[in-house]
Amino acid sequence: MTIRRRCYMCEAEGSTSEHVPPRALFPQAKDAAGQDHRADLITVPSCELHNMGKSRDDEFLMVSLVGIIGNNSIGYRHKFTKVNRAIRRTSYKLLMEAFVSKPKLHAVDLGNNRFIDVLWGTPDQARLAFCFERIVRGLHYHHFGIPYAGQVKVLIGYLSYEAGSTRNLQRFMLDKAEMELECRPKFGRNQDVFYYQLTDPDEFGLYLFRLCFYGGVNVYVSLIPGSAEAPTHLGFELMKRGIKTIFTLGDRTYDVDFGEEDSRCEASPTMPAKPCNRTSNRDWPSHVSTPHHLAI
Ligand SMILES: [Zn+2]
């Protein structure tokens, strides 16, 4: 008897196989000084529909995650090999797709006439959230052997916000997530590139996944089962009504007041290039040394 494998996203038959997270995030040995980061990658069954167009999202995610501040040396090396090749091959279109508006180039002073160039702009958060949701649904299938039917909410931990209240709220949620995930086991065979952790369900059936890329780029995803009663949190209700709210966690406090400031702030990821000597443009990586290529 043949066991019919279901797609990780829908009821259809999973006739193809998909890597979660995408294989493009894992450096090949030729780009990683002979080190193999592609051992035992996680795969799940996928239907034709959910596999379609996936490679474009995979490249988008790769460009969005690799080389940003927080990456370990494996992430940076991946940036200066495979990722830059892909960016050049698409005449920088791939890089521009990572942002919703034209990013700005900044040189950050490292001292001793050494600078690091970063691209600063607003990322395509909706597309990022879509990609992370797919990863978590795939990991759920892999971890528990069944597709996940409920809702998910994505918190992109590595983005920095300019407005005080959004930043404080993000800080509160990140600190809370870190407390809940402390000491939880880490899953994944190539943990310098990727691992995940998850909490046990709380009294509402909610639980949390942490995705960690390149040693320090974190994304948190809450899973909210369809059957769960949405919990009412007084702090969040007050905050949504524009009332100044102070969240506390241990001895830390976080002020949130959307009544007084514009909450439509911009999130700014940084995409650094290698440290370079400011006086010598020739040493700059091509995608930042030729800003005219950055025009959309
Ligand atoms: Zn499907």
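In this predicted model, Tyr207 stands opposite Leu223 of strand β9, and this pair is a good place to start a tour of the structure. The two strands concerned, β8 and β9, run antiparallel and are joined by 7 bridges. Together they form a hairpin with 3 residues between the strands, and in its turn Tyr214 has a positive phi of about 50 degrees. Strand β8 is mostly covered, with 6 of its 7 residues buried.

The hairpin belongs to an open sheet of 4 strands, arranged in the order β5-β9-β8-β7 with antiparallel pairing. At its edges stand β5 (151-156) and β7, each with a single partner strand, so one side of each has no neighbour in the sheet. Neighbouring strands of this sheet are turned by 20 degrees against each other on average, direction ignored. On one edge, β5 is joined to β9 by 6 bridges, the two strands running antiparallel; here Gln151 stands opposite Ile224 in β9. On the other edge, β7 pairs with β8 over 5 bridges, again in the antiparallel sense, and Gln197 stands opposite Arg210 of β8.

Helix α6 comes next. The helix lies across β5, β7, β8 and β9, and runs at about 95 degrees to β8. With 18 residues (164-181) at 1.5 Å a residue, α6 should span 26 Å; its end C-alpha atoms are 25 Å apart, so expectation and model agree. Which residues of α6 are buried? They are Ser165, Thr166, Leu169, Phe172 and Ala177. These residues cover an arc of only 130 degrees around the axis, which means that they sit on the same side of α6. As background, an α-helix has 3.6 residues a turn, so residues three or four places apart point the same way. The cover over the buried residues of α6 includes β6 (160-161), β8, β9, β10 (245-249) and β11 (252-256). After the helix comes Cys183, whose phi is positive, near 75 degrees.

The nonpolar interior can be described next. The largest nonpolar core has 52 residues, of which Val63, Phe132, Phe209, Leu211 and Val221 touch the most other members. At least two residues of this core come from each of α2 (54-65), α3 (73-89), α4 (93-97), α5 (125-144), β7 (194-198), β8 (207-213) and β9 (217-224). The most is given by α5, with 7 residues. Val63 offers a closer view: leaving aside its neighbours within four places in sequence, Val63 is in contact with Val83, Ile87, Leu94, Leu95 and Ala98. Apart from the largest core lies another one of 5 residues, among them Leu169, Phe172, Phe247 and Val256. Leu169 and Phe172 were met above among the buried residues of α6.

A further hairpin is built from β3 and β4. Strand β3 (residues 104-111) and strand β4 (residues 114-120) run antiparallel and are joined by 7 bridges, with Arg114 of β4 as the bridge partner of Gly111. There are 2 residues between these strands, and Asn112 in this hairpin takes a positive phi near 55 degrees.

The loop between β1 (16-19) and β2 (43-46) also deserves a visit. Pro21 has its place there, and the peptide bond from Val20 to Pro21 is cis, with omega near -10 degrees. Ala33 is found in this loop too; although not a glycine, Ala33 has a positive phi of about 50 degrees. Is Ala33 buried or exposed? Ala33 is exposed, because only 9 other C-beta atoms lie within 10 Å, while the exposed class takes in residues with 12 or fewer. Asp40 lies in the loop between β1 and β2 as well, and its phi is near 50 degrees, a positive value in a residue other than glycine. With 8 C-beta neighbours inside 10 Å, Asp40 likewise counts as exposed.

Finally, some totals set these details in context. The chain comprises 8 helices and 13 strands. Of its 296 residues, 34% count as buried. Among contacts between residues at least 6 apart in sequence, 64% join residues at least 24 apart.

Conventions
Residues are numbered from 1 along each chain as its sequence is written. This is a predicted model: local features need pLDDT of at least 70, side-chain atom pairs count only at pLDDT 80 or more; totals for chains, interfaces and linings use all residues. A residue is buried if 20 or more other C-beta atoms lie within 10 Å of its own, exposed if 12 or fewer, and partly exposed in between; C-beta atoms are placed from the backbone. Two residues are in contact if their C-beta atoms, placed from the backbone, lie within 7 Å. Two strands pair if DSSP finds at least two bridges between them. A nonpolar core is a set of buried Ala, Val, Leu, Ile, Met, Phe, Trp, Tyr and Cys residues joined through C-beta atoms within 7 Å. The expected span of a helix is 1.5 Å times one less than its number of residues. The arc is that of the directions from the helix axis to the C-beta atoms. Axes are lines fitted to C-alpha atoms, for helices over the stretch in contact, and angles run from 0 to 180 degrees between N-to-C directions.
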